[in-house]
Amino acid sequence: MRWLSIALFAFLHLVASKPLLSKRWDDFDVKHAWADVPKGWELHSPAPADHTFNMRIGLKQDRFDDLVAALYEVSDPYHSRYGQHLSKEEVEALVAPHPDTVALVDSWLADHGVNPASVERENGGSWVTVKVTIEQASRMLNATYGVYRHDTTSDYVVRTTSYSLPRILHDHIGVVTPTTYFSTMRSMKATSFLQPHIEPLHDGDADIARLLVNPGSLATVPSSCSTTITPACLRALYNTSTYVPRATNTNKIGVAGYLNEFANTADLQTFFRRFRTDAVGGTFQTVQVNGGGNNQNDPGVEANLDIQYTEGITFPTPNVYFSTGGSPPFIPDSNTPTNTNEPYLDWLNFILGQSSIPQTFTTSYGDDEQTVPFDYATNVCNLFAQLGARGSSILFSSGDDGVGAGNCLTNDGKNTKQFQPNFPASCPFVTTVGGTIRVNPEVAVSFSGGGFSNYFARPSFQSAAVSGFLTKLGTTNRGLFNTTGRAYPDVAAQGQGFQVVIGGRVSSVGGTSASSPTFAGVIALLNDFRISNGKAPLGFLNPIIYSTGVAGFNDITSGSNPGCGTNGFTAGAGWDPVTGLGTPDFGKLQALIG
Ligand SMILES: *[C@@H]1O[C@H](CO)[C@@H](O)[C@H](O)[C@H]1NC(C)=O
Ligand SMILES: *[C@@H]1O[C@H](CO)[C@@H](O)[C@H](O)[C@H]1NC(C)=O
Ligand SMILES: *[C@@H]1O[C@H](CO)[C@@H](O)[C@H](O)[C@H]1NC(C)=O
C-alpha cells in the first residue's frame, strides 16, 4: 500500500515540478573525491562511453534515527524492549526514503533519460538500481569514469576519482556506486594466511578428549593446542565441549563468502573424520548470491576454514555458506555489461530481502578504512544496523596487520603517519573479533588488528571500557590514532595454527579470519541455548557484551599488536585494542546472558 502511494506521489510531483527543477541538475557539489588515484591502481584508459553498468543509489533513509533507537532498545538487556527484534517489514518501514526524496530522485533520473518504471528498488525503497551507460553516469555525476588497473592483481575496474551530485540532491542521496570505492572483490583482503605446514601432534578429537581430565576446566586444555588448533581445542578452551545444541530446527549460522571462495563438501567430511568424528555426515547449505559460484573442484582456504570451524564448534546447528558473486573482471576494450561489483552491497541487499535469516553471521574480509570512501562506509555500516535490528549477531575479523601495515601514511594528500583502522571492523554495528595464540595462558597474537575509527564516533556502549584503557595508556601513541573514534576489537578468539582440510590435505591456517568463525560458533551455541529456552536470539551483541556479559570473557592481559613502525597497543586488564574484552567462556556466558 505504501508502495502505491509513493509511486503515485512521485508521478504527480514529477509532472508538476519538472520544468522548475531541471535547471538545478547542473548545479553540482562534490560528493566524494580522492586526493590521488588510490594506491595500487593506475589509469589504464578512458571508460568506453557506451559501456553499461548497474548504478546503485542509496537514498537517505527517512527515519534512520528511529531505526538506530529501536536497535539499541531491543539490544539493551536493561530495556523493556530487549529481544523484541523487528521484522523485515518493520525495518523497511523505518528505512524507507521520504516520498519527497523518491520524487526528486525519480525526476533527476527521468531528466537523464532513465525511465522511473524500470528502476529496481530494494530495502524498503532505500536502494535504487538503474542500468546506465558510462556517458549517462558521467553527466549525472559530473564524473570522469576510467578503466583502472591494479598493479599486483591485474584486475580492471571502472571507477572515477571523484563524483558530484546536484546540490539539491545532497540531502536525499547517501551514496552512489560504483564511483570512488576502488576495492574489488579480489583486492579485498581475505584476512587469513597459510602457515608452513605443521604436522599435527595428535590425530584428532578423540586424542584431545583423552587428554581432558575435566572437560570445562581451562586448566586442562592440552598444551598441543598452543601450536595446533582443532575443534576439540576450541571447545575445551571456550568451554563448549559438553553442550548439545537443541534448537536446530530454528537456529542457523551463516558464513558470508566472497572472492570466488567455495566451501568444499568432501573436505568437510575429511575434516570431521579427522577432527570431530561425531559430526561425520554433517552438511551445510550453499546459497549463491548474485551469480556467486560453487565450484567443488576449487576449494577455498578461507571458505573451508570458515565452514570447518563454524561447524566444528556448532554441529549439528544448520550452517549456510553464502557465495556472493561479483562481476566477471572488467575486460577493457569489450563492452560487456557488468554489475556493480560492490560485494558488501550485493550481499547485504540480498540478505535483507529475506524474511528469515540466520541469527549469527561471520565475515572475514576487510579493507583499510581510509581506502573506503566515507559515504560508502557509512551507508554500508547502516545496513549492518538493519541486520542487528532483525535479530542477527554480526561478527567480523579485526584484520591481520596489528595497528597498520607498511608506512601507514594517510591518503588525504598530507601523507602523515597514522594507525590504519579497518572497515567494516570499525563499524559500531558489527562485533569485531581480534586474535589470540597459545593456551595456559592465552595471549594476544601479534597480528591482531585493533584501533580507533576515524569515521565512526565512539558509541556509548563502550565509552566506559575504552576510557579506562585510554587513561592507563597515557601519552603512548599520542597523535597516531583518533581518541574519540569507535574502538575495536570488541572480543577475541584463537587465530593461529588452525588445522584445515583443503583439497584432502591438512594445512595450518592463521589470521583473524580464523578468530571470527570461532567466536561466531560460540555465539551460535548461545543463541541455541536461548532459543531452546523460549527466548529471543542475542541479536546485536555489543550493548550486552560490554554490560551484563563482561564477566563471561577470559580477559587477555599480555601481548601486543605492533605495526606502522611502532609497538602498537598492549593487551592488559580490562578492554584493550588488541583483544577487546577477551575470549568467550561459554559456560559463564550461558549463566550471564543465555
Ligand atoms: C565538473 O567537474 C570538472 C572536473 O572534472 C570541473 O572542472 C567542473 O567545474 C565541474 N562542473 C560543475 C558544473 O561543477
Ligand atoms: C576522529 O573521529 C571523529 C569521529 O569520532 C571524526 O569526526 C574525526 O574526523 C576524526 N578525526 C580524524 C583526524 O580523522
Ligand atoms: C565453564 O562452564 C561451566 C558451566 O558449564 C562453569 O561452571 C565454569 O566456571 C566455566 N569455566 C571454566 C573456566 O571452567
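## Exercises on sheets, ligands and unusual bonds

Strand 4 and strand 5 (residues 127-133) run antiparallel and are joined by three bridges. Strands here are DSSP runs of E with at least two residues, helices are runs of H or I with at least four, and two strands pair if DSSP finds at least two bridges between them. The model is predicted, so to speak of local features takes pLDDT of at least 70 and side-chain atom pairs 80 or more, while totals for chains, interfaces and linings use all residues. Residues count from 1 along each chain as written, chains are lettered from A and ligands numbered from 1 in written order, and side-chain values use heavy atoms without hydrogens or water.

**Exercise 1.** Work out the strand order in the sheet that holds strand 4, and find its edges.

*Solution.* Step one is the order: four strands make an open sheet, 4-5-3-9, with antiparallel pairing. Step two is the edges: strand 4 (120-122) and strand 9 (173-177) each have a single partner strand, so one side of each lacks a neighbour in the sheet. Step three is the twist, which averages 25° from one strand to the next (axes are lines fitted to C-alpha atoms, and angles run from 0 to 180 degrees). For a landmark in the pairing, look at Glu122, which stands opposite Trp127 in strand 5.

**Exercise 2.** Which strands does helix 4 touch, and how is the helix directed relative to strand 3?

*Solution.* Start with helix 4 (residues 99-111): it packs on the sheet and touches strand 3 (52-59), strand 4, strand 5 and strand 9, where contact means heavy atoms within 4.5 Å. The direction of helix 4 makes about 155° with that of strand 3. Then turn to helix 10 (residues 343-352), which lies across strands 3, 4, 5 and 9 and runs at about 65° to strand 3.

**Exercise 3.** Find the edge strands of the sheet with order 2-6-7.

*Solution.* Three strands form this open sheet, with antiparallel pairing. Its edges are strand 2 (41-46) and strand 7 (156-159), each with a single partner, so one side of each has no neighbour in the sheet. Neighbouring strands are turned by 35° against each other on average, direction ignored. Now follow the pairing inward: five bridges join strand 2 to strand 6 (residues 146-150), and these two run antiparallel. One bridge to find on screen links Ser45 with its partner Val147 in strand 6.

**Exercise 4.** Which residues surround ligand 2, and which of their side chains come up to its oxygen atoms?

*Solution.* First list the shell: Ser453, Asn454, Ala457, Asn482, Thr484 and Gly485, each with a heavy atom within 4 Å of the ligand. Strand 21 (residues 451-457) gives the most to this shell, with three residues. Next check the polar contacts (N or O pairs within 3.5 Å). A side-chain N or O atom of Asn482 is 2.3 Å from a ligand oxygen, for Thr484 the distance is 3.2 Å, and for a polar side-chain atom of Asn454 it is 3.4 Å. Finally, the protein covers 47% of the 360 Å² of accessible area that ligand 2 has on its own (Shrake-Rupley method, 1.4 Å probe).

**Exercise 5.** Repeat the analysis for ligand 1.

*Solution.* The surrounding residues are Asp26, Phe28 and Asn142. A side-chain N or O atom of Asn142 lies 2.4 Å from an oxygen atom of ligand 1. The protein covers 34% of the 360 Å² of accessible area that ligand 1 has on its own.

**Exercise 6.** Where do the cis bonds before Pro316 and Pro441 sit, and what is the phi of Asn123?

*Solution.* Begin with the background: most peptide bonds are trans, and most residues other than glycine have a negative phi. The bond from Phe315 to Pro316 is cis, with omega near 5°, and Pro316 is in the loop between helix 9 (301-314) and strand 14 (319-324). The bond from Asn440 to Pro441 is also cis, with omega near 5°, and Pro441 is in the loop between strand 19 (431-437) and strand 20 (443-444). Asn123, in the loop between strand 4 and strand 5, has a positive phi near 55°.

Terms used
Polar contact = N/O pair within 3.5 Å; in protein donor to acceptor, adjacent residues only side chain to side chain.
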